[in-house]
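Please work through the exercises below with the sequence and the coordinates at hand, and attempt each task before reading its solution.

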Amino acid sequence: MPPKFDPNDPAIAELVNLFKSFGLSETKSLEVARNSKTAATLQEIVVSCDLTANPLDDKQAGLVSLLANQGSKLGEEERNYVARAIADSRLKSNDQLNAAIKYLEAHPSPIDDASFDRECGVGFSITLQELRAKLKDYIAAQGGASWEKLNALMGATKQDPEIRWANTLDVKNTIEALLTEELGPKPAPASKGKAKENKKEPVAAAGPSGSTFDRDTTTSSSLTERSVFEEGFLGKLHKVGGNSQKHESRRKEHLEWTKGKVFTRFPPEPNGYLHIGHSKAIFINFGYAAHHGGHCYLRYDDTNPEAEEGRYFESILEIVRWLGYEPYKITYSSDHFQKLYDLAVDLTKRGLAYVCHCTGEEINAARGGAERGPRYACIHRDRPIEESLSEFERMKNGGYKPGEAILRMKQDLEDGNPQMWDLVAYRVINTPHHRTGDKWIIYPTYDFTHCLCDSFENITHSLCTTEFIQSRVSYEWLCNALDIYCPRQSEYGRLNIEGTVMSKRKLKKLVDQKYVMDWDDPRLYTLIALRRRGVPPGAIKAFVSGLGVSTATTNIQLSRLEQSIREHLELNVPRLLMVVKPLKVTIENLSEDFVQMIEKPLHPKVPEFGTSTIPFTRTIYIEEDDFRLEDSKDYFRLAPGKTVGLFQAPYPITYVSHTTDDTGKVIEVVCRAENTGQPKKPKAFIQWVAEHPPTGSPIKVDELRIFHQLFKSANPAAEPDYLKDIAPDTLEVIKGSMIEVGFLPLAKKAYSFALREGKERTENALKAEKESVDVGVKEEISHDDTPKATAEQLVGNEVVRFQGLRVAYFALDKDAALSCLDEPEAGTPGLKDGDKIVLNRI
C-alpha cells in the first residue's frame, strides 16, 4: 500500500502553513500538498517571490497554484516572472495565465516586457462604449446580425486580438443588445424535433446545461463549435456524395436516400461505461451532423454477447442525452445479423472468404510472427468455394466449438497493412444474444460488421479515431468486394487524459477490488462518475470544443480539464454562504432575540439567479480556519485584537475573547459587532452562517465529500502495477458543515426546472423518433427492448449545484435525500425526517 498522507506530519503541516500564509485556503493548500511535485514547485515560487510578505487574494493565490501545476516546462526565472505578474495584478485570469505560460515556453529569458504584456493582455482596458463600437463593426464583418450566430460570434471574439481579453459577460451582453436592436428580442428556442418550413430539423438538443437556474446557457458550452465544425479537420471533410464509389449507381442511390443531408453514427460497444474520451466522439458525430442539418444514429455494436449487459445499453443512451444530444434513431448491429450472414455467404461465393481451422498461434505465425518474418497463406486459404460454404453452414448449425473454425476474408497477404492479412469475419460463440436469443451461435466481427452497417444506414461520414486508420483499407475493400455503397472513413485524434486510467479492464479491477465505490465513483473519469460528481454536461462540451479537432492525439493534464470545469461553473451556478468546519461565534453586544433578515444576491454578476434571504443573529458560525490565536502581520482574518468583515452582513466584528475545550482547541469565540459610528473598512471578509431555528438556519450537511486524484503518477496505465500507483486518502469525508438557509429553495428550484426541461426534451425526442421510423433503415427484428428516452435520464440530484463562497463548487450526491425535491413547486421547502444532505466537491 502507498504511504498514508498525513496532514499532521510536520513537513506537510509546514507546507500547508506556508501555502495558507500567501493566500490559499486550507482545503486548497492540503490538496496541493498531496502532490509532491506541484507542492515542491509552489514552495519554490512562494519563497523565491516572497509572496507571504503581501498575501494574495483567493483568485490570485489560485492562479499561482495553477502556475505551479501547469508551468512545469518553464525555467525558474520564467516561472517567478509569471508569479510576480499575478501578484502585481498584471495577470488576472486563467486565460491570461495560459497565454503567459505558452508565451514563455516559446520565448524564455531575457523576457521582453512589452511583448509579454501584449501577448497576455496585460493592461488591456476597454470601455463599454468602445466594446460596443468594436463589436458592431465585428458583427458586420462576420456577415451581419443573426441570433443563430450568437455563439459563433462569442467564440470568434476569443480569436480577435482587440476583443479577446474583454470580459466575457460584457461581450455576451453587448452582442445580445446589438442583436436585439437590429432583430428584436431573442426568439424562444424552437422545440426540438418540430417541423420548420415542413422540414424535419436534426435533433441535437442541448438539454440541462448544468446551470442551476433557468439561464439560457444551454449553448454557452459550445461557443467555438462553429469554428470546430467549419475549420481544420472537420472543415475539410468531403461534401455529401463526394466520396468516390466503385459503381456510380451506388453514389446516385446514396444521394437519393440522403437527400444531400449528413448522416453520422456513434457506434459504442455495450460492454462498459463510457468515459471522458468518448465525449469527444459523441461531440464530433452528433455535433457535426447537427451543424450541417443532418442526423446522427446511436448504433449499439452488439456483436459479442459474452461481454454485453443491459445496464450498459441504458447508460449509453442516458449519457448521450445528458450531454445534450438526441439520437436520430437507435439501431443495433444485431438488426442486420441475417443480412450480414447473407453477405458473408456472398463474399465466400465470390471466392473472397474461406473457412479456416488454424489456431491463433498458427495465424500469428503465418502473418510473420513477433519478428515480422515472411508471411504465407494458411493451408485452408485455397480450399474450394463449395467446401468453405459447406463448412460455414456447419459453423452456423453448431458443428464446431469456439476456436475450431472461423470465416476469414481473402484479402492481400502481400499488402504492408496488417488489416489486409485475411481478417476474421465470423467466429463461433456459444452464448445467447440479448436480442436474438439462441438463434445464432456465429457472430460477425467488428472488421466485418462496422463498414457494412455504415453502408446499410447510408452513413455519409464515418468518423473514428486514428487507431483505425489502417482499417480504412479493409473497410473500403469489403464494401467494394460486395459491390455496395462505400462510406468514407475519416480519422481524428483521440482524447487522452493524463493521471487516470480509462481501460475498461483496469476500471473493472478498481471497482471489483473496492478501491472505488463503483463505476460512478467521482474519482474516476467515466462520464457517469463526472456526472455524479456534479460536472455539468455543458462544461464537458466546452472543454472538448475548446481542444479543437485534428489528426493528432490530444493528451491533456487533469488540471486543464478541472480548470475548464471551474471556468464553466463560474457564471453558471449561484453562490451561497457556507462553512466547512464551523466555529461558533457569539456577538456579545447583540441581544439574544436579535435577528436581521438580509437579502443577498445569489451571484453578483448574474442577476438572473435572483436573491436569497438569510438571518443575521447573535450566534453565527465561521470557518475554523478563519480564526487563529497567534496573529501575524500577513494575516488579515479574525484573531485577538483584530476586526474582520462578514460577507453581506451589516457590521464587521471584533475579537473579545475565546473558550477552549480540555485539549486546548478553540470551541467558541466571543466578538463585538461594530454597529456604532462609522467603522473602519476591514482588510478581509469571511463567510458565515447564522443560528436561527425559526428559519431553519443553518442547513447542516450530513456528509461533505472531497475527492482527490486517485493516482500519483501522470500515466498510471503505463505502470507495471497500476494499483500500486493509487494515492493514499483520496476520499475525504467531512461531517457537520453548514450552508445558508437559501440552499433549500435553490435546490428545489434547480430540480424543478431540470425536470420540466427534461420532460419537454423527452416529449420532443419521442415525437422525433416516431417520425423517423418510416424514413430509417428497416430492421429485421423488433426494437421492443430498445432503451427509451425518459425525463428521468436527464435529472438527478447532481442538477443541484452551487459555489460555497471562498470554499469550492459543490453538487448534491445521489446518496442524498431531500423530500422537498418531490413536493409541489409552490410549497415552501424545509427539511423533514429522513432527509440527508450529501455534497460532492465538483
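**Exercise 1: a strand pair and its sheet**

Find the bridge partner of Arg-427 in strand 9, and then place that strand within its sheet.

Solution. The bridge partner of Arg-427 is Tyr-443, in a predicted model where local features need pLDDT of at least 70, side-chain atom pairs count only at pLDDT 80 or more, and totals for chains, interfaces and linings use all residues. Residues are numbered from 1 along each chain as its sequence is written, and side-chain values use heavy atoms, with hydrogens and water left out. Strands (E, at least two residues) and helices (H or I, at least four) are DSSP runs numbered from the N terminus, and two strands pair if DSSP finds at least two bridges between them. Strand 8 (residues 424–428) is joined to strand 9 by three bridges, the two running antiparallel. Stepping outwards, four strands in the order 6-7-8-9 form an open sheet with antiparallel pairing, whose edge strands, pairing on one side only, are strand 6 (353–356) and strand 9 (442–444).

**Exercise 2: the buried face of helix 2**

Which residues of helix 2 (residues 26–34) are buried, and against which helices do they pack?

Solution. Ser-29, Leu-30, Val-32 and Ala-33 are buried, meaning under 20% relative accessible area, where exposed is over 50% and partly exposed in between (1.4 Å probe, protein chains only). Seen down the axis of helix 2, these residues fall within an arc of 165 degrees (taken over the directions from the helix axis to the C-beta atoms), so they line one face of the helix. The buried residues pack against helix 1 (10–21), helix 3 (36–48) and helix 4 (58–70), with contact meaning heavy atoms within 4.5 Å.
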